[in-house]
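Here is a briefing on one protein model. Look over the sequence and the structure first, then read the points below.

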Amino acid sequence: MHINWRKTTIIALDVILAGYIIIAITAFDRPNAEQRICTQVNINIEDEATNGFINATEIKKRLEKSKLYPLSKLMADINTRVIEETLEQSPFVKQAECYKTENGHVSISLTQRMPSLRIKAINGDDYYIDDKHSIMPNSHYTSDLIIATGYINKWYARHYISYLAESLNASEFWKNQIVQINVLPDHGVELVPRVGNHIIYIGQLPETKYTSMRQKMITDYVQKKMDRLEKFYRYGLSQAGWNKYSYINVEFDNQIICKKKELN
């Protein structure tokens with residue numbers, strides 16, 4: 001059998017040339033990744049509607065101020081880790097994630113810190129406590145949170161009042177019923193209800209120097225007081241009337257002391 005080597009060589013060269021042309025066209029149609037420009041920035045904020053501490057506009061401004069906003073920058077020059085670290089410096093951001101896509105987009109996802117209590121102390125301090133018992137600065141944020149007033153320094157707010165609020169918020173009934181915590185000079189605690197024209201006194205929260213025991217002690221104490229108060233609400237106030245008493249004291253375990261409202 002006679003093989004035409006010249007023809008075979010030409011066919012092989014043609015195949016190689018065709019492959020080269022395809023690669024060249026593909027490379028021409030798809031610009032080098034190093035030269036690709038960011039054409040879109042997507043910012044997603046979890047719980048933005050319910051928390052409202054930060055929004056996409058504020059995130060954009062923060063990144064622009066740091067000269068990190070990705071739009072129109074070379075994708076190769078965009079450092080997603082630096083963007084994450086910059087955003088996580090915000091006192092309202094719990095976690096930030098940033099990543100690039102092949103189509104020239106940069107996506108930023110944020111999780112906000114969750115406020116559980118607002119402090120408006122007698123010394124003028126005004127701030128929030130989050131669900132991790134840490135301080136958050138005041139902002140334009142508005143929500144139906146319990147407000148704590150009175151003689152509260154930041155240490156006491158974090159290590160005692162935050163556990164009190166956490167215990168109240170754990171009950172759907174008390175979360176909706178209690179609108180204010182007021183701390184007296186001796187650290188006695190008053191609660192202001194949403195329904196009923198009276199003040200509730202639960203006494204002083206149990207104190208301990210042992211951090212590991214503190215939360216359980218306060219939680220147990222508050223639950224015990226509020227369980228008794230709920231029974232009194234159900235079987236006492238429902239019969240006597242919600243506006244009969246001006247002060248309800250549940251400090252002592254064996255009795256509830258009520259002060260009748262003075263008649264005008």
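Asn 153 caps the N-terminal end of α4 in this predicted model. One of its side-chain oxygens lies 3.2 Å from the backbone nitrogen of Trp 155. Helix α4 (154-169) also feeds the largest nonpolar core, with at least two residues in it.

**Helix α4**

- The helix is not straight: α4 bends by about 40° at Ile 161.
- Ile 161 is also among the residues with the most contacts inside the largest nonpolar core.
- The buried residues of α4 include the nonpolar Tyr 156, Ala 157, Tyr 160, Ile 161, Tyr 163, Leu 164, Ala 165 and Leu 168.
- His 159, Ser 162 and Ser 167 are buried in α4 as well.

**Parallel strands**

- Strand β7 (residues 147-150) pairs with β4 (residues 115-121) through four bridges, and the two run parallel.
- In that pairing, Ala 121 stands opposite Gly 150 of β7.
- β7 also pairs with β8 (residues 178-183), again in the parallel sense and over four bridges.
- Here Ala 148 faces Ile 181 of β8.
- Thr 149 lies in β7 and counts as buried, at 16% relative accessibility.
- Leaving aside residues up to four places away in sequence, Thr 149 touches Lys 120, Gln 180, Ile 181, Asn 182 and Val 183.

**Nonpolar cores**

- The largest nonpolar core has 36 residues.
- Those with the most contacts inside this core are Ile 119, Ile 161, Leu 168, Ile 181 and Leu 205.
- Strands β4, β5 (126-130), β8, β9 (188-193), β10 (199-204) and β11 (245-249) are among the elements that each supply at least two residues of the core.
- Helices α4 and α6 (211-240) do so too.
- Apart from this core lies another, of 23 residues, including Ala 96, Cys 98, Leu 110 and Met 136.
- Ile 119 touches Ile 161 of α4 and Ala 148 of β7.
- Its other contacts beyond four places in sequence are Asp 125, Asp 126, Tyr 127, Ile 129, Ile 152 and Ala 157.
- As background, nonpolar side chains in soluble globular proteins tend to be buried together.

**Cysteines**

- How many disulfides does a search of the whole structure find? The count is zero.
- Why is Cys 38 not bonded to Cys 98? The sulfur of Cys 98 is the closest cysteine sulfur to that of Cys 38, but at 9.0 Å it is too far for a bond.
- A disulfide here requires sulfur atoms within 2.5 Å.
- Cys 98 is in no disulfide either, and its nearest cysteine sulfur is that of Cys 38.
- Cys 38 is buried, with a relative accessible area of 1%.
- Cys 98 also counts as buried, at 8% relative accessibility.

**Positive phi in a loop**

- Most residues other than glycine have a negative phi.
- Lys 67 has a positive phi of about 60° although it is not a glycine.
- Lys 67 sits in the loop between α2 (56-65) and α3 (80-87).
- Is Lys 67 buried or exposed? Lys 67 is exposed, with a relative accessible area of 68%.
- Ser 72, another residue other than glycine, has a positive phi near 70°.
- Ser 72 lies in the loop between α2 and α3.
- Ser 72 is exposed, with a relative accessible area of 56%.

Notes
Residues numbered from 1 in each chain as written. Predicted model: local features only at pLDDT ≥ 70, side-chain atom pairs only at ≥ 80, totals over all residues. Heavy atoms only, no water. Pairing = 2+ DSSP bridges. Core = buried A, V, L, I, M, F, W, Y, C linked by side-chain atoms within 4.5 Å. Buried < 20%, exposed > 50% of the residue type's maximum accessible area, 1.4 Å probe, protein only. Contact = heavy atoms within 4.5 Å. Bend = angle between axes of the 7 residues up to and from the residue. Polar contact = N/O pair within 3.5 Å; in protein donor to acceptor, adjacent residues only side chain to side chain.
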